[in-house]
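Got the viewer open? Let's walk through a few side chains and see what sits around them.

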Amino acid sequence: MSNGSFPPEPGRRGGTLAIVLAALIPACFAGWLLWSSVGDAKDDGADGVGAPTTSSTSSPSPPSSGAPAAPSPPTPSGNASGKQSGKPSGKPLAGKVVVLDPGHNPNNRDHPSQIARLVDIGTDEKECDTTGTATNSGYAEASFTLDVARRARTLLEARGATVRFTQDGDRPYGPCVDERAEIGNKAHADAVVSVHADGAAAGERGFHVILPKSVRGGGADTSAITAPSRRLGERLRSRFAKATGSEPARYIADGSGLDVRGDLGGLNLSTVPKVFIECGNMRDSQDAAELTDKTWRERAADGVAQGITDFLNE
């Protein structure tokens, strides 16, 4: 050549190219790996926190549609026992009808001629009603019977019973004994209790329950009610004694606390289970101290209500 150079030798030029390529390929591959790792890191999230991983045992979450999630169905409300709200509470006397007969009437004393007239009691005739007795201090039996009956009504209604009164101090007098019986009969009562207090001699103490005797005559026929009335009386005797701490009267019925009589119109004319309870002796100072005490009267009402409840839940 005129410049004095020589053309490269074919074998030498190919070797040089191979060397250059061998050096460039690893460098390019390393650069691509670096760029790929940087791109993956950016895709993990804008806040820089990587997305949570899902374990191989969990179900994949469904793709989001962009709509709000449907609310979960409401959990039914209920009490600790699992009963649903709005359902029957299971009150022990639900569906039962109880008639309470507060003995006498505070206004009877103002109507002597009306209460003195005779009414048919089936086997005989007796006065429409009487004024009842009173303590030596003047606390009337009629006031006592209304108070105890009203307290018992509250307790019985809380247990689900329908409670009706023969009188609630809302009548000028009475009603007469035959009408008192008829009120219970027309109500188809499951139980009737006539509340009284006795007027025995001073020194005689305690309570007793009066049961209907088996009688039949005129409009009276107690043959169907004597047995259930006795059961009612027995439950009443037991619960009243427990609630008040009183003992059955020893001056009547040989101290048994259960006196059977066939001369009371309220019992003779009844066609539903019925008893009377004489809660104590108003003419005895010790009994009178209890009968005039509202705390004791609350206990008496509890005994009456619980005796009725026991009978109706037999």
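**Start at a charged pair**

Select E234 to begin: with 27% relative accessibility, E234 counts as partly exposed. Keep in mind as you click around that this is a predicted model. Now add R235, which is partly exposed too, at 28% relative accessibility. The two side chains meet in a salt bridge, 3.7 Å from N to O.

**Across to another helix**

Next, pick R239 and D310. Their salt bridge has its closest N and O atoms 2.6 Å apart. This pair ties together distant parts of the chain: R239 belongs to helix α5 (residues 226–244) and D310 to helix α8 (residues 294–312), 71 residues apart. How exposed is each partner? R239 is partly exposed, with a relative accessible area of 26%, and D310 is partly exposed as well, at 22%.

**A loop-to-loop bridge**

Move on to R205 and D284, a salt bridge with 3.6 Å between the closest N and O atoms. Here the link runs from the loop between β5 (191–198) and β6 (208–212), where you'll find R205, to the loop between β10 and α7 (285–291), home of D284; the two are 79 residues apart. Check the surface and you'll see R205 partly exposed, with a relative accessible area of 33%, while D284 counts as buried at 5% relative accessibility.

While you're on charges, select D147, R151, R297 and E298 together: a network of salt bridges links them. The salt-bridge count comes to 19.

**The disulfide**

Which cysteines should you show next? Go for C128 and C176, which form a disulfide with their sulfur atoms 2.0 Å apart. C128 sits in the loop between β3 (125–127) and α3 (141–158), and C176 in the loop between β4 (162–165) and α4 (177–186), so the pair links distant parts of the chain, 48 residues apart. The torsion about the S-S bond is about -90 degrees, so this disulfide is left-handed. Both C128 and C176 are buried. The structure holds 1 disulfide. For another cysteine, try C279, which counts as buried at 2% relative accessibility.

**Last stop: a buried serine**

Finish at S270, in the loop between α6 (265–268) and β10 (274–281). Buried or exposed? At 1% relative accessibility, S270 counts as buried. Show its side chain and look for the backbone oxygen of V272, which lies 2.7 Å from a polar side-chain atom of S270. Then bring up A181, N185, D221 and I225: setting aside neighbours within four places in sequence, these are the residues in contact with S270.

Notes
Residues are numbered from 1 along each chain as its sequence is written. This is a predicted model: local features need pLDDT of at least 70, side-chain atom pairs count only at pLDDT 80 or more; totals for chains, interfaces and linings use all residues. Side-chain values use heavy atoms; hydrogens and water are left out. A disulfide is a pair of cysteine sulfur atoms within 2.5 Å. Helices (H or I, at least four residues) and strands (E, at least two) are DSSP runs, numbered from the N terminus. Buried means under 20% relative accessible area, exposed over 50%, partly exposed in between (1.4 Å probe, protein chains only). A polar contact is a pair of N or O atoms within 3.5 Å; within protein, one must be able to donate a hydrogen and the other to accept it, and residues adjacent in sequence count only if both atoms are side-chain atoms. Contact means heavy atoms within 4.5 Å. A salt bridge is a side-chain nitrogen of Lys or Arg within 4 Å of a carboxyl oxygen of Asp or Glu.
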